[in-house]
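Here is a protein chain to look at together. Keep the picture open while we go through some plain questions about what we call things and how we can tell.

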Amino acid sequence: MTTEKKTTKAYEPRIKTLYNGKVLPALMKDMGVKSPMAAPKLEKIVINIGVPEAREDIKVLDICKEDLTAISGQAPQVRRAKKSISNFKLREGMPIGLRVTLRGDRMYDFMDRFISIAAPRIRDFQGFSEKCFDGKGNLNLGIKEHYIFPEVNVEKSPKPHGMNITFVTTAKNDGGGLLLMSYLGLPFRKK
């Protein structure tokens, strides 16, 4: 009896393969760095949804939780109010939002789906602005409707919710972050 070894190739996301194969050498050449550790890379993606309607109806929070779980592939964390603010009818400890932090393969999978499927579905999309960087190389995008993701069931979530998506990079400035994001395929507005 002979035992044959089955060689199965481990799954690697498309964006991760692209980064390691083409983007990293191009970044090292453009930025003039010799070490691959000095080149900027994507560290994590944070997705936030504010749910102010949860003050009156807690079911809205559950619907948003299901939608964000479907979008990210990970259970979201419920964010609660830190202070009581009477003008907003807000009490300390009330649920007001949801947050998910993606790292590793899930992060690259989400970015691939966002670039190739969700971003083209944004209404009147001309590309993202270069002014969305925060000065430290991180990109913050505000999305008005979460319906751009095909995972969301429109019948179950009757009201569109906005979301904030933050791409956290190891770039030291906006130039490095812009270079990294444009090499990864994120569409920016033409000047």
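Q: Which strands does helix H4 lie across, and how do you know how it runs relative to E5?

A: This is a predicted model, so everything here is read from predicted coordinates. Helix H4, residues 174-184, lies across E1, E4 and E5. As for direction, H4 runs at about 110° to E5.

Q: What does helix H3 lie across?

A: Helix H3 covers residues 104-118 and lies across strand E1 (42-50), E3, E4 and strand E5 (163-169). Set against E1, H3 runs at about 65°.

Q: How many helices and strands are there, and in what pattern do they follow each other?

A: The chain has four helices and five strands. Going along the sequence, you meet them as α-β-α-β-β-α-β-β-α.

Q: In what order do the strands sit in the sheet?

A: The five strands make an open sheet ordered E2-E3-E1-E5-E4, and their pairing is antiparallel. Strand E2 (77-80) and strand E4 (139-143) are the edge strands, because each has a single partner strand, which leaves one side of each without a neighbour in the sheet. From one strand to the next, the twist averages 25°.

Q: How do you know that E2 and E3 are paired?

A: Two strands count as paired when there are at least two bridges between them. Four bridges join E2 to strand E3, residues 95-102, and the two run antiparallel. So, by that rule of at least two bridges, E2 and E3 are a pair with their four bridges. For one spot to look at, find Val-78, which stands opposite Leu-98 in E3.

Q: What makes E1 and E5 a pair?

A: Again the cut-off is at least two bridges. E1 and E5 have six bridges, in the antiparallel sense, and therefore pass that cut-off. Asn-48 has Asn-164 in E5 as its bridge partner.

Q: What joins E4 to E5?

A: Five bridges do, and these two strands also run antiparallel. Gly-142 stands opposite Asn-164 in E5, while Ile-143 stands opposite Met-163 in E5. Asn-164 is thus a good residue to find on screen: Asn-48 is its bridge partner, and Gly-142 stands opposite it.

Q: Why is E5 called mostly covered?

A: A residue is buried when its relative accessible area is under 20%. Six of the seven residues of E5 are buried, so E5 is called mostly covered.

Q: Which residues of E4 are on the covered face, and which are on the uncovered one?

A: Leu-139, Leu-141 and Ile-143 make up the covered face of E4. Asn-140 and Gly-142 make up the uncovered one.

Q: Why is His-161 called buried or exposed?

A: His-161 is in the loop between E4 and E5. Its relative accessibility is 6%, and the limit for buried is under 20%. His-161 is therefore buried. Leaving aside neighbours within four places in sequence, His-161 is in contact with residues including Ile-49, Gly-50, Cys-64 and His-146.

Q: Is Lys-156 buried or exposed, and what makes it so?

A: Lys-156 also has its place in the loop between E4 and E5. Its relative accessibility is 54%, and exposed means over 50%. Lys-156 therefore counts as exposed. Outside its neighbours within four places in sequence, Lys-156 is in contact with Ile-63 and Glu-66. The C-alpha atoms of Lys-156 and Ser-35 are separated by 49 Å, with their positions 121 residues apart along the chain.

Q: Why is Arg-14 called exposed?

A: Arg-14 lies in helix H1, residues 14-31. At 55% relative accessibility, against a limit of over 50%, Arg-14 counts as exposed. Not counting residues up to four places away in sequence, Arg-14 touches Asp-112 and Ser-116. The C-alpha atoms of Arg-14 and Gly-135 are 28 Å apart, and these two are 121 residues apart along the chain.

Q: How many residues does the chain have, and what share counts as buried?

A: There are 191 residues, and 37% of them count as buried. The accessible surface comes to about 12000 Å², with 52% of it belonging to carbon and sulfur atoms. Along the principal axes, the C-alpha trace spans about 60 × 60 × 35 Å.

Technical notes
Residues are numbered from 1 along each chain as its sequence is written. This is a predicted model: local features need pLDDT of at least 70, side-chain atom pairs count only at pLDDT 80 or more; totals for chains, interfaces and linings use all residues. Side-chain values use heavy atoms; hydrogens and water are left out. Axes are lines fitted to C-alpha atoms, for helices over the stretch in contact, and angles run from 0 to 180 degrees between N-to-C directions. Contact means heavy atoms within 4.5 Å. Buried means under 20% relative accessible area, exposed over 50%, partly exposed in between (1.4 Å probe, protein chains only). Accessible areas come from the Shrake-Rupley method with a 1.4 Å probe; for residues, only the protein chains shown count as cover.
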